[in-house]
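This report introduces a protein structure to a reader who has not met it before. It proceeds from a single residue to a pocket, a helix, its aromatic contacts and a pair of strands.

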Amino acid sequence: MLTSNPDALPESLSAALSFQIRAAHLAIDRDLSRSLASIDLSPEAFYVLWVLDEFPGQILVGLSRRLGSKAPNIHRILRRLEAIDLVQRRATADGRSPAYFNTPRGSELRQRAARLFFDHCARIDSYVKQLAPSQAGPLLKRLGSLPEAS
């Protein structure tokens, strides 16, 4: 498990930029998890609800592509959301893959979660911009478009 405590790691690892970015990513994820815990929702479940609000009727493969996650992981989340009446599955015209929709309760919870998410984003933005106001956005955008290793 990665730690954000650089004293607990070999100097070469804690000094590596990719490690520092990963540690920051974990800290950001923890902050979002704490924010959404108040409404008993994981970040992953929130993202699924958000995509289904924006693109209702997604099939599993479409959801996994949009979220950049593996289909079995998304399926597990969908089953959990369906069990607590936040997501509903319906047959598609071809009958092969079910389409997923938020229930009214799921859409309402997604809206509440979005407020918590944007509060989280504002906290992170404020913290990062204190360190490098004009460089944070372009740097993160560039890192986000890093080409895949060949």
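## His 75 and its surroundings

His 75 has a relative accessibility of 30% and therefore counts as partly exposed, since that class lies between the limits of 20% for buried and 50% for exposed. The model described here is predicted. His 75 belongs to helix α5. Its C-alpha atom is 6.9 Å from that of Leu 60, although the two residues are 15 apart in sequence.

## The second largest pocket

Helix α5 also takes part in the second largest pocket, giving the most to its lining with five residues. The space in this pocket amounts to about 250 Å³. Its lining is made up of 13 residues, and those nearest the centre are Pro 43, Glu 44, Tyr 47, Ser 69 and Ile 77. Two or more lining residues come from each of the elements α2 (17–37), α3 and α5 (71–83).

## Helix α3

Helix α3 covers residues 43–54. For its 12 residues, a rise of 1.5 Å a residue leads to an expected span of 16 Å, and the end C-alpha atoms are indeed 16 Å apart, so the two values agree. Which residues of α3 are buried? They are Pro 43, Ala 45, Phe 46, Val 48, Leu 49, Val 51 and Leu 52.

Phe 46 has a relative accessibility of 0% and so is classed as buried. Trp 50, at 23%, counts as partly exposed. These two residues are four apart in helix α3 and are therefore separated by about one helical turn. An α-helix has 3.6 residues a turn, so residues three or four places apart point the same way.

## Aromatic contacts

A pair of aromatic rings is described by the distance of the centres and the angle of the planes. There are seven aromatic pairs in the model. Two of them are set out below; each is edge-to-face because its planes are over 60 degrees apart.

| Ring pair | Distance of centres | Angle of planes | Arrangement |
|---|---|---|---|
| Phe 46 and Trp 50 | 5.2 Å | 70 degrees | edge-to-face |
| Tyr 47 and Phe 117 | 6.5 Å | 85 degrees | edge-to-face |

The pair of Tyr 47 and Phe 117 links distant parts of the chain, as Tyr 47 lies in helix α3 and Phe 117 in helix α6 (residues 104–131), 70 residues apart. Is each partner buried or partly exposed? Tyr 47 is partly exposed, with a relative accessible area of 33%, whereas Phe 117, at 14%, is buried.

One aromatic cluster is formed by Phe 46, Tyr 47, Trp 50, Phe 117 and Phe 118. A charged group is also found over a ring of one cluster member: the charged end of Arg 110 sits over the ring of Trp 50, 5.2 Å from its centre.

## Strands β1 and β2

Strand β1 (residues 87–90) runs antiparallel to β2, and four bridges join the two. One of the bridge partners is known by name: Val 87 is matched with Asn 102 in β2.

Strand β2 comprises residues 99–102 and is covered on both faces. Ala 99 and Phe 101 are buried on one side, and Tyr 100 and Asn 102 are buried on the other. The ring of Phe 101 has the charged end of Arg 90 over it, at 3.9 Å from the ring centre.

Terms used
Residues are numbered from 1 along each chain as its sequence is written. This is a predicted model: local features need pLDDT of at least 70, side-chain atom pairs count only at pLDDT 80 or more; totals for chains, interfaces and linings use all residues. Side-chain values use heavy atoms; hydrogens and water are left out. Buried means under 20% relative accessible area, exposed over 50%, partly exposed in between (1.4 Å probe, protein chains only). Two strands pair if DSSP finds at least two bridges between them. The expected span of a helix is 1.5 Å times one less than its number of residues. Rings of Phe, Tyr and Trp (its six-membered ring) pair if their centres lie within 6.5 Å; planes under 30 degrees apart count as stacked, over 60 as edge-to-face and the rest as tilted. A charge sits over a ring if NZ of Lys or CZ of Arg is within 6 Å of the ring centre and within 35 degrees of the ring normal. On a 1 Å grid over the protein atoms alone, a cavity is a set of points where a 1.4 Å probe fits but cannot get out, and a pocket is an open set with protein on both sides within 12 Å along at least five of seven lines; lining residues have an atom within 4 Å of a point. Grid points are joined across faces, edges and corners, and a volume is the space filled by probe spheres set on the points.
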